Amino acid sequence: VATDREKEFIKQFDEKEKFNLSILTPLAAEGIVFSTPVQGGVILPYPDNYSFNNGINIQTPKSTPVSAIYDGTVIDKYYGIESGLSIAIQHPNGFISKYTGLSAPFISKGDKVTAGQRIASVDESENKLNIFTFELWHEGLPVNPKEYITF
């Protein structure tokens, strides 16, 4: 049980750090600001009994371009039977972004990309709802992209 002094300290800390960007956006402290992978997409909610897995599902209008969220190197590009085209990009500071459910790739494995560069489109031939999955990893662990990117 916390003492009155501990409770007061926590209250003061919370008030002081309320608008501290290094607390609210972990990447700001590391000097990286990621952009969104698509413009005009809607993040689909998970069912009530489901929690964050390794990414978020984004529904988009037809022919929506998908862009790199930051400068980096394409480290993987592959096709899955059910998921379609996936692209993974290595970014500075141990971050990897992964984009799944794509078509019409504009890049190849080993290519250097810049923030905002178009890398593919959302796959609408196989995926009638125009939904793709976006994942963000940091030092080998999945992180919630909504904690790092303003969608």
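How many helices and strands make up the secondary structure of this protein? The count comes to three helices and 10 strands. Keep in mind as you look around that this is a predicted model. If you walk along the sequence, the pattern reads α-α-α-β-β-β-β-β-β-β-β-β-β, so the helices come before the strands, given that elements are numbered from the N terminus.

Now for the overall picture. The protein has 151 residues, and 34% of them count as buried. On the outside, it exposes about 9,200 Å², with carbon and sulfur atoms supplying 55% of that area. The chain also brings distant parts together: take the contacts between residues at least 6 apart in sequence, and 59% of them join residues at least 24 apart.

Let's head inside. The largest nonpolar core has 27 residues, and the ones touching the most other members are Phe34, Ile87, Tyr99, Ile119, Phe132 and Phe134. Several strands chip in: E2 (56–59), E5 (84–91), E6, E8 (118–122) and E9 each supply at least two residues of this core.

Ile119 is a good residue to pause at. Ignoring neighbours within four places in sequence, Ile119 is in contact with a long list of residues, including Val66, Ile87, Ile89, Tyr99, Phe106 and Val113. Two names on that list, Ile87 and Tyr99, also appear among the core residues that touch the most other members.

What about strand E8, which spans residues 118–122? E8 is mostly covered, with four of its five residues buried. Strand E3 (residues 65–67) pairs with E8 in the antiparallel sense over three bridges, and one of the partnerships puts Pro65 together with Ser121. Strand E6 pairs with E8 as well, again in the antiparallel sense, over two bridges. Here Ser103 stands opposite Ser121. That makes Ser121 a handy landmark: look for Pro65 and Ser103 as its partners.

Next, the aromatic rings. There are five aromatic pairs in the count. In one of them, the ring centres of Tyr99 and Phe134 are 5.3 Å apart and the planes sit at 55 degrees, so the pair is tilted. Tyr99 belongs to strand E6 (residues 95–103) and Phe134 to strand E9 (residues 131–138), so this pair ties together parts that are 35 residues apart in sequence. Both residues of the pair, Tyr99 and Phe134, are buried.

Phe134 has another ring partner. With Phe151 it forms an edge-to-face pair, 6.5 Å centre to centre and with 65 degrees between the planes. Because Phe134 lies in strand E9 and Phe151 in the segment after strand E10 (141–143), the pair links parts that are 17 residues apart in sequence. Are these two residues buried or partly exposed? Phe134 counts as buried because its relative accessibility is 0%, under the 20% cut-off. Phe151, at 38%, counts as partly exposed. Elsewhere, Phe34, Tyr70, Phe95 and Tyr148 form one aromatic cluster.

Finally, find Ser83, in the loop between strand E4 (72–80) and E5. Ser83 has a relative accessible area of 34%, so it is partly exposed. Which residues does Ser83 contact, leaving aside neighbours within four places in sequence? They are Thr100 and Gly101. Ser83 and Gly101 are 18 residues apart along the chain, and their C-alpha atoms are separated by 5.5 Å.

Note on methods
Residues are numbered from 1 along each chain as its sequence is written. This is a predicted model: local features need pLDDT of at least 70, side-chain atom pairs count only at pLDDT 80 or more; totals for chains, interfaces and linings use all residues. Side-chain values use heavy atoms; hydrogens and water are left out. Rings of Phe, Tyr and Trp (its six-membered ring) pair if their centres lie within 6.5 Å; planes under 30 degrees apart count as stacked, over 60 as edge-to-face and the rest as tilted. Buried means under 20% relative accessible area, exposed over 50%, partly exposed in between (1.4 Å probe, protein chains only). Contact means heavy atoms within 4.5 Å. Accessible areas come from the Shrake-Rupley method with a 1.4 Å probe; for residues, only the protein chains shown count as cover. A nonpolar core is a set of buried Ala, Val, Leu, Ile, Met, Phe, Trp, Tyr and Cys residues joined through side-chain atoms within 4.5 Å. Two strands pair if DSSP finds at least two bridges between them.
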